[in-house]
Amino acid sequence: MTKLIAASALSIVASAGAAFAADCGDVTIAEMNWASASFMANVDAIILEEGYACNVELITGDTTPTFTSMNEKGQPDIAPELWINAVATPLAAAKEAGSLVALNDGPITGLGEGWWVTKKFKEDHPELDTVEKVLAHPEMFPFIEDESKGAFMGCPAGWGCQSINANQFRAFDMEAKGWVLVDPGSAAGLDGSIAKAVDRDEPWFGYYWAPTAIIGKYDLQMLPFEAEYAGDDNWNNCISLPEQDCLDPQPTSWIESAVESVVTDEFIAKAGPATDYFKARVYPGEVMNGMLVYMNENQASGEDAAYEFLATQEDIWMQWVPADVAEKVKSAL
Amino acid sequence: MNWLIEFPSMGRRDLSLLKQSIDESFRTFSRAFGDELEAFFTPLLKFLIFFEKLLTGAPWPLVIAVIALLTWLGARSWKITLGTIIAFLLIGRLGMWENTMATLAIISVATFVCIAVGIPIGIFMARSDWAQRIITPILDVMQTIPSFVYLIPVVMLLGIGKVPGLIAVCIYAIPPIVRLTNLGIRLVDRDVMEAAESFGASSREKLFGVQIPLALPNIFAGVNQTIMMALSMVVIASMIGVKGLGTPVLQAIANQYLALGIMNGLAIVALAIIFDRVSQTYGKRLQAYRETGHD
């Protein structure tokens, strides 16, 4: 009996020592079907494969199905960019049970939804640095169909964010302040209105989200709200519902968009040292947006972008890993 | 022998340079002339806004009465007139009045623009063979190019809203009126033309006195087609911010709202049937009148 325990203890010590050197085993990474997640998954794959000698497989997915699979089956091992608001309750339970672990609660900085203006506007009017201050000046954003009003570009019809913007529009009493909520009709319409405004140095004020290629390409600036976040009850039971179901919306800042890098307990067991990489891996918002612009302009896949990032942005990713791992990755590029 | 199997394409770098230079030159163009173009279209925008406000601001019984009167004048059929009144009452009852008026406004103006631009082009094509050779392939492109491809430059030049929507609608809807005007005039009997010539008619008199009147049934078929195609663009136009029946349809598609989609879709169909029956019967009456006139 004592022999057995000693043997197994020995083997644990041995395997812990060996994990770094040779064998982190088979690892699966969720490659979500949007650009930034695909890019991150590919960077993780290259670094784990070349730097930590893992055998990586990418698995395409989307937030809810991928999370369900991780929660139920323990596969895939890693979700590099998991938007946790969508899966808040079951994720909390899984964390409690220890089957899923968030290694990083902010893998990208400066992300989230909100109201943005063009960079030129922000430079020309440094004093208008919050949403509320801009709301006092509808005359700076003349609406083409009625020049006496200011145009606020909302979210396309039929998207979840449409209700949120319409309710916020009412919460901030924007109609009385001289604003019109413009429906851009589609993503193409929304993007086109930004492209037109920036290319012509016209002011633009409206809704968007990051990380996205549009934000990076046109360098839009998010405006902070002076209003505090008015609570989950206001947000979940009013602001995010269709207009007719939200009778008394309170002005609020945007709900915090939370993204985490979530892994399974099994991954932590087999890939020990690599967890440090995930803890250190934080993409600055501008860098992420810049990579999305690169993907957009070159029609690059997540894999192309990952190689481009590793080749050109060494000063960022070299900090995420120990020097010897960095060397291994570098020599493999 | 690799080049036989793999097409010697330009390569990613060159291709991306080519695309970027096209984008860049369009951006330069948009920066240089965008404001002028916008100013050029301002009267049209003003008219569109005025017309929409007129339709949505007027009392609804008056609007229905005017539409019924126009239907009667066009179709001279109490069945079609009654059907129109019922259709509009239903539309209002089901809460689609404002969107229907917005759609009606943009479709009417689009039809008007298409006729005003299309018929002269059709006449020009009919009178010159080389013009026909050049314009026909352009019309082919206009009818077949996916709408989203030309929406991109239109939105970059003019932004989103009514005018770019109107242009998108017209690009798609104008070819039939041009083609059928051209065809109608070319089909006018040569004997009739010779007779007109022998009476010493000038080319202007021949055009307005003989060719256009005889081509009217064809021209009306063109107008009818143009209206139908304009209506089928309602949903696409709403994708670049044109208000109207297309917006709830888009919303219904995105959210799987069955009833909302069907109701607004049917309202578009109702408008289409009314426009179609009225313009067709008007065209037919015109034809009958001409025929009796010949006897």
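**Exercise 1.** Which backbone nitrogen lies 2.9 Å from a polar atom of the side chain of Thr252(A)? Work out the surroundings of this residue in the predicted model.

*Solution.* Begin with the position along the chain: Thr252(A) sits in the loop between helix H10 (232–239) and strand E11 (259–264) of chain A. Next take the accessibility, which for Thr252(A) is 0% in relative terms, and because buried means under 20%, the residue counts as buried. Then list the contacts, leaving aside neighbours within four places in sequence: Thr252(A) touches, among others, Gln168(A), Phe172(A), Phe225(A), Tyr229(A), Ala230(A), Asn234(A) and Trp235(A). The backbone nitrogen asked for belongs to one of these contact partners, Ala230(A), and lies 2.9 Å from a polar atom of the Thr252(A) side chain.

**Exercise 2.** Determine which residues of helix H14 (residues 302–312) of chain A are buried, and establish how they are arranged about the helix axis.

*Solution.* The buried residues of H14(A) are Gly302(A), Ala305(A), Ala306(A), Phe309(A) and Leu310(A). Viewed down the axis of H14(A), these buried residues fall within an arc of 130 degrees, and therefore they line one face of the helix. The last step is to ask what they pack against, and here the partners are helix H2 (35–51), H13 and helix H15 (314–317), which belong to chain A.

**Exercise 3.** Describe the interface of chain A and chain B, going from its extent to its polar pairs and then to the elements of chain A that take part.

*Solution.* Start with the extent: 26 residues of chain A and 30 residues of chain B take part in the contact, and the two chains bury about 2100 Å² between them, with 47% of this area on carbon and sulfur atoms. Of the area that chain A buries against chain B, 31% comes from Glu145(A), Asp199(A) and Arg200(A), more than from any other three residues.

Turn next to the polar pairs. Five salt bridges are found across the interface, one of them joining the side chains of Arg200(A) and Asp35(B) at 3.3 Å, N to O. Ten residue pairs are in polar contact across the interface, both residues of each pair being at pLDDT 80 or more.

Finally, assign the chain A side to its elements: helix H8 (187–199) and helix H13 (285–298) of chain A each supply at least two of its residues, and H8(A) gives the most, with eight residues. By class, the side of chain A that touches chain B divides into eight nonpolar, nine polar and nine charged residues.

Notes
Residues numbered from 1 in each chain as written. Chains lettered and ligands numbered in written order. Predicted model: local features only at pLDDT ≥ 70, side-chain atom pairs only at ≥ 80, totals over all residues. Heavy atoms only, no water. Contact = heavy atoms within 4.5 Å. Buried area = accessible area lost by both parts, 1.4 Å probe. Salt bridge = Lys/Arg side-chain N within 4 Å of Asp/Glu carboxyl O. Polar contact = N/O pair within 3.5 Å; in protein donor to acceptor, adjacent residues only side chain to side chain. Helix = DSSP H or I, 4+ residues; strand = E, 2+ residues; numbered from the N terminus. Nonpolar A, V, L, I, M, F, W, Y, C, P; charged D, E, K, R; others polar. Buried < 20%, exposed > 50% of the residue type's maximum accessible area, 1.4 Å probe, protein only. Arc of directions from axis to C-beta.
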